[in-house]
Amino acid sequence: MKTPMTANGQAKLRAELESLELSLSEISTAIGEAIKHGDLSENADYHANKDKQGMVLAKIRHIKSNLSSAQVIDVTKLPKSGRVVFGTTVSLLNLSTNERSRYQIVGEDEADIAAEKISITTPVAQALISHENGDTVEIKNRDSEATITYKIENVEYI
């Protein structure tokens, strides 16, 4: 099954993969040095580096799996219709509080609320998809069961 990913998300994963593969070489060198010190049963450096190697290998496998199952969507190449779709950045106005917020709708592995990136699988993103600039959207607050009404102020394809 293909999972959506932005072009920026793909580039970041590829860069992280490259960095991890370089660190794997350094870890292997450290393991080789630790082996030279003899008795491996009591060699803390050896065990620490073997653990680190295992974690890095697992992360590499995870990233490779994500990249191989990704359906990369470059939002900058989509027609700018004003409709909210995967990859767009949406500016919202909370009609009750007049608070503004801005989110880019991204794949699950790219989500980072501090960076204003929300996963396509979140209730907010699901409620926004297919709506257009100027629409009002009601989103149920999962904490209080209240409904919050937002106005879509801008949809950007950046």
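The following paragraphs lead through a predicted model, from its sheet to its cores, its salt bridges and two buried polar residues.

The sheet is a convenient starting point. Five strands form an open sheet in the order S5-S4-S3-S7-S6, and their pairing is mixed. Its edges are strand S5 (117-119) and strand S6, each of which pairs on one side only. Averaged over the sheet and with direction ignored, neighbouring strands are turned by 45° against each other. As a general matter, the strands of a sheet pair through backbone hydrogen bonds, in either a parallel or an antiparallel manner.

Strand S7, spanning residues 147-156, has strand S3 (residues 89-94) as an antiparallel partner, with six bridges between the two. Within this pairing, Val 90 has Val 155 of S7 as its bridge partner. Strand S7 also pairs with strand S6 (residues 136-140), again in the antiparallel sense, over five bridges. Two residue pairs allow the register of S6 against S7 to be followed: Thr 136 is bridged to Lys 151, and Val 137 is bridged to Tyr 150. Strands S6 and S7 form a hairpin with six residues between them, and in this hairpin Glu 145 adopts a positive phi near 65°.

Several residues of these strands reappear in the nonpolar interior. The largest nonpolar core contains 17 residues, and the members that touch the most others are Val 84, Val 90, Leu 92, Ile 105, Leu 128, Val 137 and Ile 152. Strands S3, S6 and S7, together with helix H3 (123-128), each give two or more residues to this core. How does Leu 128 fit into this picture, and which residues does Leu 128 touch? Setting aside residues up to four places away in sequence, Leu 128 is in contact with Val 84, Val 90, Leu 92, Ile 105, Val 137 and Ile 152. A second core, separate from the one just described, comprises 14 residues, among them Leu 13, Leu 17, Ile 63 and Leu 67.

The helical part of the model offers a buried polar residue. Gln 53 belongs to helix H2, which covers residues 44-68. Its relative accessibility is 16%, and because the limit for burial is under 20%, Gln 53 counts as buried. Beyond residues up to four places away in sequence, Gln 53 touches Leu 24, Ile 27, Ser 28 and Ile 31.

Charged side chains supply a further set of links. In general, side chains of opposite charge can pair when their charged atoms come close. A search of the whole structure identifies seven salt bridges. One of them joins Lys 59 to Glu 16, with 3.7 Å between the closest N and O atoms. Lys 59 is in helix H2 and Glu 16 is in helix H1 (residues 7-36), so this pair ties together parts that lie 43 residues apart in sequence. Both partners are partly exposed: the relative accessibility of Lys 59 is 34%, and that of Glu 16 is 31%.

Another salt bridge connects Asp 74 and Lys 77, at an N to O distance of 3.9 Å. Here Asp 74 is partly exposed, at a relative accessible area of 26%, whereas Lys 77 is exposed, at 69%. A further salt bridge brings Glu 132 together with Arg 83, whose closest N and O atoms are 2.7 Å apart. Glu 132 is located in the loop between H3 and S6, and Arg 83 in the loop between strand S2 (70-73) and S3, so the pair ties together parts 49 residues apart in sequence. Glu 132 is partly exposed, with a relative accessible area of 33%, and Arg 83 is also partly exposed, with a value of 33%.

Arg 83 leads on to Tyr 157, which lies in the segment after S7. Is Tyr 157 buried or exposed? With a relative accessibility of 8%, Tyr 157 counts as buried. Apart from neighbours within four places in sequence, its contacts include Val 75, Leu 78, Pro 79, Arg 83 and Val 85. Ser 81 is another contact of Tyr 157; the two residues are separated by 76 residues in sequence, and their C-alpha atoms lie 9.3 Å apart. The side chain of Tyr 157 also meets the backbone at two points. It reaches the backbone oxygen of Arg 83 at 2.6 Å, and a polar atom of the Tyr 157 side chain is 3.2 Å from the backbone nitrogen of Gly 82.

Definitions and conventions: Residues are numbered from 1 along each chain as its sequence is written. This is a predicted model: local features need pLDDT of at least 70, side-chain atom pairs count only at pLDDT 80 or more; totals for chains, interfaces and linings use all residues. Side-chain values use heavy atoms; hydrogens and water are left out. Two strands pair if DSSP finds at least two bridges between them. Helices (H or I, at least four residues) and strands (E, at least two) are DSSP runs, numbered from the N terminus. Axes are lines fitted to C-alpha atoms, for helices over the stretch in contact, and angles run from 0 to 180 degrees between N-to-C directions. Buried means under 20% relative accessible area, exposed over 50%, partly exposed in between (1.4 Å probe, protein chains only). Contact means heavy atoms within 4.5 Å. A nonpolar core is a set of buried Ala, Val, Leu, Ile, Met, Phe, Trp, Tyr and Cys residues joined through side-chain atoms within 4.5 Å. A salt bridge is a side-chain nitrogen of Lys or Arg within 4 Å of a carboxyl oxygen of Asp or Glu. A polar contact is a pair of N or O atoms within 3.5 Å; within protein, one must be able to donate a hydrogen and the other to accept it, and residues adjacent in sequence count only if both atoms are side-chain atoms.
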